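Open the model in your viewer and keep the selection panel at hand. This tour goes stop by stop, saying what to select and what is there.

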Amino acid sequence: MSDRAREAHVDDIVADLHRVLLVSSRRLRSRAASEEVSVAQFSVLAYLHREGEATPGRVADFERVSPPVMTRIIARLEEAGWVARRPHPSDRRQVLLALTEAGATIVEEGRRARSAWLRERVDGLDDAQLGELETATRMLRDVLLDAPREGARE
């Protein structure tokens with residue numbers, strides 16, 4: 001394969017991979033959302049579940065939303081009883097957000113729903129396809145997750 005042909009082939013793979021990752025990510029996120037919790041709200045709950053207490057600013061930075069947007073999301077989560085605020089121990093101007101037990105339950109149920117949906121998709125594969133998927137998953141992890149990231153934000 002010539003250099004030009006290889007480059008075009010890689011461009012095609014990158015475009016297809018981008019589409020697959022984007023659509024699959026949206027589908028997985030939508031499985032965790034429900035009538036009672038939006039995708040954005042679930043994302044904040046999952047962040048607090050994973051990271052523990054955090055300031056609203058830190059959560060807004062991670063979610064890449066403006067402080068006013070985060071304030072609205074937090075207000076809804078607090079109103080639902082899924083998040084609680086407490087004063088920051090060293091900065092009186094700040095508050096810390098913590099997941100409540102009810103919030104943790106929402107996250108765990110959402111994760112179970114996503115896993116069940118993904119499991120349904122994988123269950124129909126034969127042994128050879130399952131082996132290929134395992135190889136592809138390892139490769140994606142190596143390329144996308146384990147590779148060093150320069151200045152990248154998740």
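Start in a loop. Select R64, which sits between α3 and α4; helices (H or I, at least four residues) and strands (E, at least two) are DSSP runs, numbered from the N terminus. R64 has a positive phi of about 60 degrees, although it is not a glycine. Most residues other than glycine have a negative phi.

A word on the ground rules. This is a predicted model, where local features need pLDDT of at least 70, side-chain atom pairs count only at pLDDT 80 or more, and totals for chains, interfaces and linings use all residues. Residues are numbered from 1 along each chain as its sequence is written, and side-chain values use heavy atoms, with hydrogens and water left out.

**Stop: helix α2**

Select 39-51, the range of α2. The helix has 13 residues. From first C-alpha to last, α2 reaches 18 Å, close to the 18 Å expected at 1.5 Å a residue; the expected span is 1.5 Å times one less than the number of residues. Step off its end to G52, which follows α2 and has a positive phi, near 85 degrees.

Now colour α2 by burial. Buried means under 20% relative accessible area, exposed over 50%, and partly exposed in between (1.4 Å probe, protein chains only). Q41, F42, V44, L45, A46, Y47 and L48 are buried. What covers them? The cover includes α1 (3-32), α3, α4, β1 (83-87), β2 (95-99) and α5.

**Stop: Q41**

Select Q41, in helix α2. Q41 counts as buried because its relative accessibility is 11%. Show its contacts, meaning heavy atoms within 4.5 Å. Not counting residues up to four places away in sequence, Q41 touches E36, I73, R76, L77 and W82.

**Stop: V44**

V44 is also found in α2. Its relative accessible area is 1%, so V44 is buried. Leaving aside neighbours within four places in sequence, V44 is in contact with V59, E63, M70, I73 and L77. For a long view, draw a line from V44 to M139: their C-alpha atoms are separated by 29 Å, and they lie 95 residues apart along the chain.

**Stop: the largest nonpolar core**

A nonpolar core is a set of buried Ala, Val, Leu, Ile, Met, Phe, Trp, Tyr and Cys residues joined through side-chain atoms within 4.5 Å. The largest one here has 20 residues. Which members touch the most others? Select F42, V44, L45, L48, V59, M70 and L77. At least two core residues come from each of α2 (39-51), α3 (56-63), α4 (67-80) and α5 (101-123). α2 gives the most, with six. In soluble globular proteins, nonpolar side chains tend to be buried together.

**Stop: α2 against α5**

Begin at F42. Beyond residues up to four places away in sequence, F42 touches A32, V37, I106, V107, G110, R111 and R114.

Next, show both helices. α2 and α5 pack at an angle of about 105 degrees, with their axes 9 Å apart. Axes are lines fitted to C-alpha atoms, for helices over the stretch in contact, and angles run from 0 to 180 degrees between N-to-C directions. That angle makes α2 roughly perpendicular to α5; 65 to 115 degrees counts as roughly perpendicular, under 35 as roughly parallel, over 145 as roughly antiparallel and the rest as oblique.

On the α2 side, pick F42, L45, A46, H49 and R50. They meet A104, I106, V107, E108, G110, R111 and R114 in α5. The residues of this contact divide into six nonpolar, two polar and four charged. Here Ala, Val, Leu, Ile, Met, Phe, Trp, Tyr, Cys and Pro count as nonpolar, Asp, Glu, Lys and Arg as charged, and the others, Gly among them, as polar.

**Stop: R85**

Move to strand β1 and select R85. Its relative accessible area is 39%, so R85 is partly exposed. Leaving aside neighbours within four places in sequence, R85 contacts I74, A75, E78, V95, L96 and L97. The C-alpha atoms of R85 and V95 are separated by 6.3 Å, with their positions 10 residues apart along the chain counted as the step from one to the other.

**Last stop: helix α1**

Select H9, in α1. H9 is partly exposed, with a relative accessible area of 40%. Its C-alpha is 21 Å from that of E132. D11 is in α1 as well. At 48% relative accessibility, D11 counts as partly exposed. The C-alpha atoms of D11 and V69 are separated by 36 Å.
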